[in-house]
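Reader: Hi! Could you walk me through the pockets and cavities here?
Author: Happy to, let's look together.

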Amino acid sequence: MSHYNVIQTDPNYIPWPESFAQQYRDEGYWTDTKIQQLVELRASSTPTKTALVCGERRWSYVELAQQVERLAVGFQSHGLQCGDKVVLHLPNIAEFYLCFFALLKLGVQPVLALPAHRTSEIRYFCNFVKAKAYIVAEQGGFNWRELAEGLLHDRQSVQKVFCLQRGDDKEPSSLIVDLQKVFSDGQLRPSKAEPAFAFFQLSGGTTGAPKLIPRTHSDYLYSVRRSTELCELTSDDSYLCVLPCAHNFPLSSPGALGFFMVGGTVILAADATPQTAFQLIEQHGVTVSALVPPLALLWLDLAKHSRFNISPLRLLQVGGAKFSAEAAKRVRPVLGCQLQQVFGMAEGLVNYTRLNDDEQTVVYTQGRPMSDADEIRVLGSADKPVEVGEVGHLQVRGPYTIRGYYAAPEHNHQAFTQDGFYRTGDLVRLTPSGNIEVVGRSKDQINRGGEKIAAEEVENHLIAHLHVHDAAVISLPDPYLGERSCAVLVSQTERPKAIEIKRFLRARGLAEFKIPDRIEWVDTLPKTAVGKVNKKQLQMAL
Ligand code: OOB
């Protein structure tokens, strides 16, 4: 696609103001490269280098580029075209990247759903963006077929479901297209248009409905490029992708895209157990990986009596939730590699500790913004900047931080300031050296070991229960997850057992990580002076 293409307009998308866009281009932050070109560029510069390993399968750069092309041709013949939305719902398998690049090549805008999402979330995304297609893989414990057939039957927007089926129970279905059969030879018909942005990331959310985050080729690639520099990646590096590959952290910080950019190798882990990870590190000489804190704790435990040689690992990134200093201290002695703390968000801003930072900084802080063009401020009461060392609300604006969620004018009003800063909802403290320490949160969210739960979303599902009159979902401390969730419920009739409440939520198709870990009943929910539920008081009482 050349820049002569007509850029489609999308009234639901909020671009950077032209003066900022111009500055980001002039100063070289934004370029015209498209995300899918990462693989194409490498296919010509290092064609035979291994790009991707997934189980027994592997792809060189040129093979990857060819497969992406064939998939794009197939999607096009199924009617997908520039500006169409698609919900991409795949676990850590190579087809995630194949689909992602193929869709971007067509100008189709995928919503990057997480594997843990279920009927409730998927239906919402499909309806919200008016997705033309849904791409899913068969996975245990999830009746994807019922969901897929439901989506098609509804005759809303979804016209096609592409499913990656397992060999053993392939069932012929006239409605669902076998993803393997989509790959086809032929010529791609070029598009004369380009979408306003490339794809959607998902927000951890604080409201009843999850928010969609539009990311552009320019802003995303800049964040990837800057991340590869910070992590000093070279083509000799290989990345073990343990976290769900659709998430911003393992996709772009520097994640798989960073490794494709430098011509390194991406290795997908079939599961998130440390045993699998250690075996893959030894087998492939993995040099970098990224984890959420609970997984890092498991790695630390296993390393003490593992027979695998994990010495190739040079850098372990930990982020998504606060990593305790006690655990952070143990990374180098136990795992024999450098720790990098990563404090990022799908909305944009990513902070890193640097490879040459001193031990104190790496252990006690969550790093600092990756870009000189990131503008951050820490505000106290009445939105006045606080002193260094004081706790305040973190706000950010910059070349890869969005200016608004997709089609959410009311929420944007609260989440963004007049001058375009994103209110992160994180409570932080700046150290004298300019590093950030995350100390808490003002947003109504639970961070369950890196998985984000919007309290209001779960509360809305809970009060749909016949016997639940009122509900508050709060976080409680957990030694392993950092936080776990607790639903505090009020009934005016009877109090069903916890198991029945959980069963009810599962039946509503809610992702498993959002099912409350604990259920408590109270007579009334305590209120604050302004009449909101006093969650602090509930937390203290439990
Ligand atoms: C990453 O992205 P999201 O969108 O799943 O979650 C963002 C939120 C942040 O606002 C913060 O509340 C929390 O997750 N968070 C951390 C953290 N990293 C993220 N809180 C404390 N310490 C950390 N190191 O989680 C994400 C995106 C890109 C890179 C890394 C993480």
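**Pockets and cavities**

Author: In the second largest pocket, α1 gives the most to the lining, with three residues. This is a predicted model, where local features need pLDDT of at least 70, side-chain atom pairs count only at pLDDT 80 or more, and totals for chains, interfaces and linings use all residues. Residues are numbered from 1 along each chain as its sequence is written, and side-chain values use heavy atoms, with hydrogens and water left out.

Reader: What volume does the second largest pocket have?
Author: About 580 Å³. A pocket is an open set of points on a 1 Å grid over the protein atoms alone, where a 1.4 Å probe fits, with protein on both sides within 12 Å along at least five of seven lines; the volume is the space filled by probe spheres set on the points.

Reader: Which residues are closest to its centre?
Author: Ile7, Arg25, Ala196, Thr216 and Ser218, out of 22 that line the pocket (an atom within 4 Å of a point). The elements giving two or more residues are α1 (18-26) and α7 (217-230), both helices (DSSP runs of H or I, at least four residues).

Reader: Switching topic: how many cavities of 30 Å³ or more are there?
Author: Two in the whole structure; in a cavity the probe fits but cannot get out.

Reader: And which residues line the second largest cavity?
Author: Arg123, Asn127, Leu151, Asp154, Gln156, Ser157 and Val158. Helices α5 (119-129) and α6 (144-154) each supply at least two residues of that lining, and the cavity holds about 30 Å³ of space.
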